[in-house]
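Here is a walk through a protein model for someone meeting it for the first time. Have the sequence and the 3D view open side by side as you read.

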Amino acid sequence: MENGKMGPFIRQLRKERGMTQRELAAALGVTDKAVSKWELGTSLPDVALLLPLSERLGVSATELLAGVRAPEAPPQTPATAAPQDTAGDLLSYAQRTASQRREKLRLWLFAGLSGSFLLSAAVCWICDMALNRELTWSLIVCVSLVLAWAVLLPLLTLRRGPVPGALAALSAAILPYLYILGDLLGDPRVFRFGLPIAPAAAVYLWGVYAVCRKHRRRRWHAAGDILLLTAALNFTVDIAVYLLAPNELLWGGPLMALALAAACFLADCVLRRLREAPEA
């Protein structure tokens, strides 16, 4: 299926039949703008419109999807097209249109979130200036919004690897964010405490992502691995806090995570044995 040929092919067939975009749109129950987008290749007709569209243009659905008339063959009706080929083309086309709709939804969602972030920042600036005659707490809000936007950018725009992209953005931006936040708050302890903890948290998130990809079908095993990572993160945070601000160490969190991890591994082992046991 050649999606790039469909738009010019629709325009060619429409003109051959002496139809305007508005007339074709009225016959199909859509707008003339929709027909214009089909012919320009910026969007594709809905899969439910393929057969009515092919009938109006005097070609088969297979020819419409291919963007060219079948060679050395008389004009066909949709009923005479090869069922197997047509079914495969329709399935491929449906997947293509669904992917296109998801892509547009993601872009619209990203545009909406970006606009809402800008509006929120502007409101905070105005309120801060009205109350304090200078920018104070609004700068903290804006820095936090920039961090959130940087993480959402790959999630909503990348076609491949949006989650690794978001994790990479978070890993790269978290320490600068903590430094700026501590400077705005006038408290250097924010960055000092975050310096050992933020990288540990980033490694934890990458580990959770790797576990989820590796053990998609073994959920109990994945839960056990994630709990082990949680115990390691909890222990790292406790040690970092103890070294920076000596206090009594609390071992309850890591020990609880380890106990739950052991229970998950046991459940995974039991379920695997049940699945592998021969039927009586």
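What follows goes from the overall fold to the cores, then to the aromatic pairs, the salt bridges and a patch on the surface.

Keep in mind from the start that this is a predicted model. Let's begin with the big picture: the protein chain has eleven helices and zero strands. Written out along the sequence, the pattern is α-α-α-α-α-α-α-α-α-α-α. The chain has 280 residues, and 29% of them are buried. Among contacts with a separation of 6 or more, 60% are between residues 24 or more positions apart. The chain exposes about 17700 Å², with 65% of that supplied by carbon and sulfur atoms.

Now for the inside. In soluble globular proteins, nonpolar side chains tend to be buried together. Here the largest nonpolar core has 18 residues, and those touching the most other members are Ile10, Leu24, Trp38, Leu53, Leu57, Val59 and Leu64. Two or more residues each come from helix 1 (3-16), helix 2 (21-28), helix 3 (32-40), helix 4 (50-57) and helix 5 (61-66). Helix 1 gives the most to this core, namely four residues. To get a feel for the packing, click on Leu57: leaving aside residues up to four places away in sequence, Leu57 touches Ile10, Leu13, Arg14, Arg17, Leu24 and Leu64. Another core lies apart from this one; it has seven residues, including Val143, Leu147, Ile174 and Leu181.

Before leaving this part of the chain, have a look at Val151, which sits in helix 7. Which residues does Val151 touch, if those up to four places away in sequence are not counted? They are Ala166, Ala169 and Leu170. With Ala166, the C-alpha to C-alpha distance is 4.8 Å, although Val151 and Ala166 are 15 residues apart in sequence.

Next come the aromatic rings. A pair of them is described by the distance of the centres and the angle of the planes. This structure holds two such aromatic pairs. In one, Phe110 and Trp149 are tilted, at 5.8 Å centre to centre and 40° between the planes. Phe110 belongs to helix 6 (residues 83-132) and Trp149 to helix 7 (residues 137-157), so the pair ties together parts 39 residues apart in sequence. Phe110 is buried, at 15% relative accessible area, while Trp149 is partly exposed at 35%.

The other pair is Tyr179 with Phe191, and this one is edge-to-face: 5.5 Å centre to centre, with 85° between the planes. It links distant parts of the chain, with Tyr179 in helix 8 (residues 162-185) and Phe191 in helix 9 (residues 189-214), twelve residues apart. Why does Tyr179 count as exposed? Because its relative accessibility is 52%, and the label applies over 50%. Phe191, with a relative accessible area of 25%, is partly exposed.

On to the charged residues. Side chains of opposite charge can pair when their charged atoms come close. The count in this model is five salt bridges, and three of them are worth a stop.

Start back at the helices of the largest core, where Arg14 forms a salt bridge with Glu39, their closest N and O atoms being 2.6 Å apart. Arg14 is in helix 1 and Glu39 in helix 3, 25 residues apart, so to speak a link between distant parts of the chain. Both Arg14 and Glu39 are buried.

A second salt bridge joins the side chains of Arg22 and Asp32, at 3.9 Å from N to O. Arg22 lies in helix 2 and Asp32 in helix 3, so this pair ties together parts that are ten residues apart in sequence. Arg22 is exposed, with a relative accessible area of 62%, whereas Asp32 is partly exposed at 29%.

For the third, move to Asp268 and Arg218, whose side chains meet at 2.6 Å, N to O. Asp268 is in helix 11, and Arg218 is in the loop between helix 9 and helix 10 (219-244), so the pair ties together parts 50 residues apart in sequence. Asp268 is buried, at 6% relative accessibility, and Arg218 is partly exposed, at 25%.

Stay with helix 11 for the last stop. Which residues form a nonpolar patch on the surface? They are Trp220, Leu266, Val270, Leu271 and Leu274, with about 490 Å² of accessible area together. Helix 11 (residues 252-276) supplies the largest share of the patch, four residues. Val270 is found in helix 11, and its 41% relative accessibility makes it partly exposed.

Notes: Residues numbered from 1 in each chain as written. Predicted model: local features only at pLDDT ≥ 70, side-chain atom pairs only at ≥ 80, totals over all residues. Heavy atoms only, no water. Patch = residues over 30% accessible without salt bridge, like charges linked within 9 Å, V, L, I, M, F, W, Y side chains within 5 Å. Areas by Shrake-Rupley, 256 points an atom, 1.4 Å probe, with all protein chains shown as cover. Salt bridge = Lys/Arg side-chain N within 4 Å of Asp/Glu carboxyl O. Buried < 20%, exposed > 50% of the residue type's maximum accessible area, 1.4 Å probe, protein only. Core = buried A, V, L, I, M, F, W, Y, C linked by side-chain atoms within 4.5 Å. Contact = heavy atoms within 4.5 Å. Phe/Tyr/Trp six-rings, centres within 6.5 Å; stacked < 30°, edge-to-face > 60°.
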